[in-house]
Amino acid sequence: MNKRFAIAAIAFSLPLGALAAPETYTIDTIHTSIQWEVNHLGMSNWRGRFERPVGKFVLDRAEKSASVEITVQTATVSSGDHDRGSRPRSLDEHLRTPDFFNATEFPTMTYKSTSVEFNGDKLGTIAGNLTLLGVTKPLHLNVENWNCGPNPYSKKEMCGGNATGSFKRSDFGMKYAVPAVSDVVKIWIQIEAYKNQ
Amino acid sequence: MRELLHHPAVQAGVAPFVLALIVALALGRARLGGLAIVAAFATAVYLIADFNFSPLTVTRKIILLGMAAPIVGILADFAFKPTRAGGVMLALASAAATLWVFWPVLAQRETAQAWLLAGTVTVATAGMVGFSQIFLSEHPIRAGSAGLGLGLGAGIASILGGSANYATYGIALGAGAGAFLLPQMLTGRKIAAGTTFVLPATLTAGLIAAGAMVLAQVQWYSVLMLALVPVAARLPLPAKAALWLQAVLASLYTLIVAGLTCAIAWQLSRGTAG
């Protein structure tokens, strides 16, 4: 009887143990993107994006801890103006030069969390460091609409949400055309990630 | 005032020219008028970037060399007599400096492309430095005209290649060379150029053009064409003509070659898929 009880107790506790363990999620590059916004000439807000960031996060919902790591190819920066027409360069090409992202010399920028705060059961704020143009500075992200659960079609476990933040590009040495192109850059990250099997 | 200093024409042209003119007038008699070109370049760096050298990027290496070049120049002018061997040594040192600036970036490219670009930037920069040191450094009008053509050529080609910062640095060099020439044209008295002027002018302009090629979209043909600017400054001038006329003619020669550099950059940029 005691032996049966012990086996039942072990079997019952297995899912709890699995739930308590940190879970690693890999970013779904198709459904993850980073949008940016700067003000142009004090007039309009100019928006663009980076395509297909890669990365992962580790989530321990029982312990309410997490870590995030995202890498972006700077050459994927896009303003929507990629066709030169009769001009010597498009805006996207200009964004890749040393005036802005210097994509040849610094092909990636990365974000790594240093601490995460939960809001109830969900991610709330992420403190971390952004490395851009070889300079690393703190960047705080506010997470909204964070949800985890199975993909309704594939049934794979996934998490997703939106994060927002802002930084001064001059802090990273990107001083070209400040203030005509605003120093403050706002970013929005829409992120989806699947649990590693 | 602050808005004025943010204007690209002030950052690239007016402010560097004014500072360079002050230096040329103040130090001309001390054989240091050549520092005018460094004053112009430093003004542009101050206005659009900073003198922070960490991390040591390609652009910051160019700025560092642009600031170090006049020190070498002053040493060469005051401690040594100008010789051909000295010019060759400066050319070789410039080639090494150019590889130091660009090789970390070029090494990430395919081997054939890396060698083509490395060869172009090294030959162009070393050629400009060596030729100018040997044939132009003792001729302030020719040297100033070469600086004018190199600066404006590198600057305008950089605009076409996509980098406004590099354009600002190049045009500032041109403004500095203009400020070096102007007092000579107005007074009819020469200001010594020497290595103090020639080395910063040619090395910095060469590195700017090379940077716009490696990091933006200036083509290697354009950089090689720019390297012919000092050769144009060597074309015959009427020896007995007034200095202002010699300066106008020499500048015309160099600006034609600089114009060809920009025309190639313009044509090729239009012909390349965006």
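How many helices and strands does chain A have? Chain A has two helices and ten strands, where helices (H or I, at least four residues) and strands (E, at least two) are DSSP runs numbered from the N terminus. Residues are numbered from 1 along each chain as its sequence is written, while chains are lettered from A and ligands numbered from 1 in the order in which they are written. This is a predicted model, in which local features need pLDDT of at least 70, side-chain atom pairs count only at pLDDT 80 or more, and totals for chains, interfaces and linings use all residues.

## Chain A and its strands

Along the sequence, chain A reads α-β-β-β-β-β-α-β-β-β-β-β. Of its 197 residues, 26% are buried; a residue is buried if 20 or more other C-beta atoms lie within 10 Å of its own, exposed if 12 or fewer, and partly exposed in between, with C-beta atoms placed from the backbone. Two residues are in contact if their C-beta atoms, placed in that way, lie within 7 Å. Taking contacts in chain A between residues at least 6 apart in sequence, 53% join residues at least 24 apart.

Strand β2 (residues 33–40) of chain A pairs in the antiparallel sense with strand β10 (residues 184–195) of chain A over five bridges; pairing requires that DSSP finds at least two bridges between two strands. One bridge links A:I34 to A:I189 in β10(A). β2(A) is also joined by seven bridges to strand β3 (residues 44–50) of chain A, again running antiparallel, and here A:N39 stands opposite A:N45. β2(A) and β3(A) form a hairpin with three residues between them, and A:L41 in the turn has a positive phi of about 60°.

## Backbone details in the loops

Here are some loop residues with their backbone angles.

| Residue | Loop | Angle |
|---|---|---|
| A:R52 | between β3 and β4 (54–60) of chain A | phi near 45° |
| B:R31 | between α2 and α3 of chain B | phi about 60° |
| A:P179 | between β9 (157–168) and β10 of chain A | omega about 10°, cis bond with A:V178 |
| B:P55 | between α3 (36–48) and α4 of chain B | omega about -5°, cis bond with B:S54 |

A:R52 is partly exposed because 14 other C-beta atoms lie within 10 Å. B:R31 is partly exposed too, with 15 other C-beta atoms within 10 Å.

## Helices of chain B

What makes B:G13 count as buried? B:G13 has 20 C-beta neighbours inside 10 Å, so it counts as buried. This glycine sits in helix α2 (residues 8–27) of chain B. Beyond its neighbours within four places in sequence, B:G13 is in contact with B:I171 and B:A175. The C-alpha atoms of B:G13 and B:Y169 are 9.6 Å apart, although 156 residues separate them along the chain.

Helix α6 (residues 111–135) of chain B and α9(B) have axes that come within 9 Å and cross at roughly 165°. The two helices are therefore roughly antiparallel, a term for angles over 145 degrees. Residues that meet here include B:L117 and B:V121 in α6(B), and B:T195 and B:V198 in α9(B). The residues of this contact divide into twelve nonpolar, six polar and no charged.

## Where the chains meet

In the interface, 22 residues of chain B are in contact with 21 residues of chain A. The elements giving two or more residues to chain B's side are α4 (58–79), α8 (164–187), α9 (194–215) and α12 (243–271) of chain B. That side has twelve nonpolar, nine polar and one charged residues; Ala, Val, Leu, Ile, Met, Phe, Trp, Tyr, Cys and Pro count as nonpolar, Asp, Glu, Lys and Arg as charged, and the others, Gly among them, as polar.

Technical notes. Axes fitted to C-alpha atoms, helices over the stretch in contact; angles between N-to-C directions. Parallel < 35°, antiparallel > 145°, perpendicular 65-115°, else oblique.
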